[in-house]
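Trainee: I'm new to this one, so can we go through it together?
Mentor: Sure, let's look at it first.

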Amino acid sequence: MGIRAAVAGATGYAGGEVLRLLAGHPEFEIGPVTANNSAGDRLGALQPHLADLADRVVEPTSPGALADADLIFLALPHGASAPLAAQLPAELPIVDLGSDHRLADPAAYATYYGGDYPGAWTCGLPELPGQRVEVAAATRVAGTGCHAVAAILALAPLVAAEMVDRDDVVITSVTGTSGAGRKPEPHLLGAEVMGDLSPYSVGAHRHVPEILQATGLRSLSFTPVLAPLPRGILLTASAKPARSRLTADALRGVLTRAYAAEPFVHVLPEGRWPHTKSTLGTNACHVQATVDAGSGRITVCSAIDNLGKGTAGQAIQCANLMLGLDETAGLTASGVAP
């Protein structure tokens, strides 16, 4: 018998990706799968790509349905994780893929989310300095938002090396539609999305305080852009240098040293730039940096799969650490081509 993992919110995109990864994991077995609106339905009607799980019946999401698992993944809408987790045993390991517990600052939470502050859990991004140990020791871990993952991994080492002006960073992050979840929305219809690019949450995106919190930046201009892709994020950050005469080699050197031992973050060879398709279905992040020839500003690009390293893959990585397993178990850094 393996480690029994429950998935709450199993019928959404994030929950479905967690199930797909768990189905191929050498140590986990899939326990209860729950959702509210789809309770009583068979999983195959809702996640038809999960053929091996097609006959599983979706249970209502409740503490009773989840409490006998060895670990729980919460893939729930914002605001649903905190009240559910509060009813579960404190010693039961939980990874929250949602946003309820990401922010350490109650004031930032009030500004970007509103409502009662539910408290912060351990940040679920193991590549941050010292964070791997924190995740391994935790019973409550909050997954980092998808845009935030791409931004933090691109910028954090450069900020720590005092190469980046902490008050002057501009980010544009292009994302696929699965990042908006599976709930039917008119602006996500194929006829609306295909052949179109559109910015959203301009000037007040909820991942901004996560990026500031994890990188040490003081100010950030962030614009997400919806693209006609099912999944993937391509992020471009432009930053004012904190010192003169920086070179592309120096930037790449900092990133290469920071991620030399990381199994999922890859600094690309000189001259190669990230592509979303190269990270499709993986837990990888591809990064590249240079100095803009015209402005002298630092340019860093990163690519991830928003449902992989940006959500479900990151959650599996954290769960592996929490349970003392090989951190890479059930995950891959190799993409699909063509």
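**Strands, sheet and overall fold**

Mentor: Start with strand 1, residues 3-8, which pairs with strand 2 in the parallel sense over five bridges. Keep in mind that this is a predicted model.

Trainee: What makes strand 1 and strand 2 count as a pair?
Mentor: Pairing takes at least two bridges, and these two strands have five, so they qualify. As for R4, its bridge partner in strand 2 is E29.

Trainee: Which strands make up the open sheet, and in what order?
Mentor: There are six strands in the order 2-1-3-4-6-5, with parallel pairing.

Trainee: Why do strand 2 and strand 5 stand at the edges?
Mentor: Strand 2 (28-34) and strand 5 (122-123) each have a single partner strand, so one side of each has no neighbour in the sheet. In total, the protein has 11 helices and 13 strands.

Trainee: How do you know whether the radius of gyration agrees with a compact globule?
Mentor: For 338 residues, a compact globule would come out near 20 Å; the protein has 19 Å, so the two agree. The C-alpha atoms fill a box of roughly 60 × 45 × 40 Å along the principal axes.

Trainee: What does it take for a residue to be called buried, and how many of the 338 residues are, in percent?
Mentor: Its relative accessible area has to be under 20%, and buried residues make up 51% of the protein.

Trainee: What share of the exposed area do carbon and sulfur atoms supply?
Mentor: They supply 53% of about 14,200 Å².

Conventions
Residues are numbered from 1 along each chain as its sequence is written. This is a predicted model: local features need pLDDT of at least 70, side-chain atom pairs count only at pLDDT 80 or more; totals for chains, interfaces and linings use all residues. Side-chain values use heavy atoms; hydrogens and water are left out. Helices (H or I, at least four residues) and strands (E, at least two) are DSSP runs, numbered from the N terminus. The radius of gyration is taken over C-alpha atoms; the globule rule is 2.2 Å times the number of residues to the power 0.38. Buried means under 20% relative accessible area, exposed over 50%, partly exposed in between (1.4 Å probe, protein chains only). Accessible areas come from the Shrake-Rupley method with a 1.4 Å probe; for residues, only the protein chains shown count as cover.
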